[in-house]
Amino acid sequence: MDDSENCGDDEWYSKADSYWRKQPSTTNGMLGGFGKITKTDVFASRRFLLDTIADYSKETQFQRALDCGAGIGRITKEFLLKWFEVVDLVEQNEEFLVEAKKYIHPENGHCLGELFACGLQNFTPEPERYDVIWCQWVLAYLTDDDLIDFLMRCKKGLRSNGLIIVKENVTSGIVEEVDLEDCSVTRTELAMQNVFHKAGLTILKQEFQKNFPKGLFPVKMYALK
């Protein structure tokens, strides 16, 4: 699937960037007006990660995580920074990162780490740096080739026993859905599995998000290594 067939890759990413620069630097802005789902979202994410570690990766540490497509740091604030000593953010919108510094208030000796103003298609994690790399509602903005390359770089960015967690919308049908307004692609489950396979990743655990409002895309969580 060529998810940028209607425009070149540069235009594809430029249009997505322009779309997000028009969104407010708030929780509602990050979630398209669905800020109310944060509690349900975070509860499921926390349980999924901890269950994955307990069942498949007991040696995973809680030292450093990377929040990909972090926006203002909603996931970091509500979840990751409560468990990891340091959390780095990567987000292409500099204004969101400025807001993240005001929005996130680390506690219990944990701290906000480095903030990278960069699109994921151009981002390379430092090798063997992260215990968990968290990718949520952002991979839909990458073309297939760039997504595979990014995940391959993420794999190299993991410490021993590290994990990549992907939480993304998936279609309930057999055809991927392209949104030309924000230049995103909602992939099928099979397409997601193919991407992971091509990136050399193994699916340790997968699970659908429950209790989201009706009318939204199904959301699926994957633990990869």
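The legends below describe close-up views of a predicted model of one protein chain.

**View 1. The whole chain, with its seven helices and nine strands.**
The C-alpha trace spans about 45 × 35 × 35 Å along its principal axes. A compact globule of 225 residues would have a radius of gyration near 17 Å, and the 16 Å of this chain agrees with that. Of the 225 residues, 52% are buried. Among contacts in the chain with a separation of 6 or more, 71% join residues 24 or more positions apart. The accessible surface comes to about 10,800 Å², and carbon and sulfur atoms hold 47% of that area.

**View 2. The open sheet of seven strands.**
Read across the sheet, the strand order is β3-β2-β1-β4-β5-β9-β8, and the pairing is mixed. The edges are β3 (111–116) and β8 (203–208); each has a single partner strand, so one side of each is left without a neighbour in the sheet. From one strand to the next, the twist averages 15 degrees. In general, strands of a sheet pair through backbone hydrogen bonds, in a parallel or an antiparallel manner.

**View 3. Strand β9 and its two pairings, with β5 and with β8.**
Strand β9 covers residues 219–224 and runs antiparallel to β8, joined to that strand by five bridges. In this pairing, K205 stands opposite A223 of β9. The pairing of β5 with β9 is also antiparallel, and there the number of bridges is six. Here V166 is the residue opposite Y222 of β9. Six of the six residues of β9 are buried. V219, M221 and A223 point one way from the strand, while K220, Y222 and L224 point the other way; all are buried.

**View 4. Two helices lying across strands of the sheet, α4 and α6.**
Helix α4 (residues 74–83) lies across β1 (64–68), β2 (86–90), β3 and β4 (130–136). The angle between α4 and β4 is about 135 degrees. Helix α6 (residues 144–157) lies across β1, β4 and β5 (158–169). Its direction is at about 145 degrees to β5.

**View 5. Helix α6 and what covers its buried residues.**
The 14 residues of α6 reach 20 Å from the first C-alpha to the last, close to the 20 Å expected at 1.5 Å a residue. The buried residues of this helix are D144, D146, L147, I148, F150, L151, R153, C154 and G157. Their cover includes two helices, α1 (9–21) and α7 (189–198), as well as the strands β1, β4 and β5.

**View 6. Two loop residues, L142 and K22.**
L142 lies in the loop between β4 and α6. With a relative accessible area of 2%, L142 is buried, because the cut-off for buried is under 20%. L142 and P24 are 118 residues apart in sequence, and their C-alpha atoms are 22 Å apart in space. K22 lies in another loop, between α1 and α2 (27–30). The relative accessible area of K22 is 68%, so K22 counts as exposed, for which the cut-off is over 50%. K22 and T171 are 149 residues apart in sequence and 26 Å apart in space, C-alpha to C-alpha.

Definitions and conventions
Residues numbered from 1 in each chain as written. Predicted model: local features only at pLDDT ≥ 70, side-chain atom pairs only at ≥ 80, totals over all residues. Heavy atoms only, no water. Pairing = 2+ DSSP bridges. Helix = DSSP H or I, 4+ residues; strand = E, 2+ residues; numbered from the N terminus. Axes fitted to C-alpha atoms, helices over the stretch in contact; angles between N-to-C directions. Contact = heavy atoms within 4.5 Å. Rg over C-alpha atoms; globule rule 2.2 N^0.38 Å. Buried < 20%, exposed > 50% of the residue type's maximum accessible area, 1.4 Å probe, protein only. Areas by Shrake-Rupley, 256 points an atom, 1.4 Å probe, with all protein chains shown as cover. Expected span 1.5 Å × (residues − 1).
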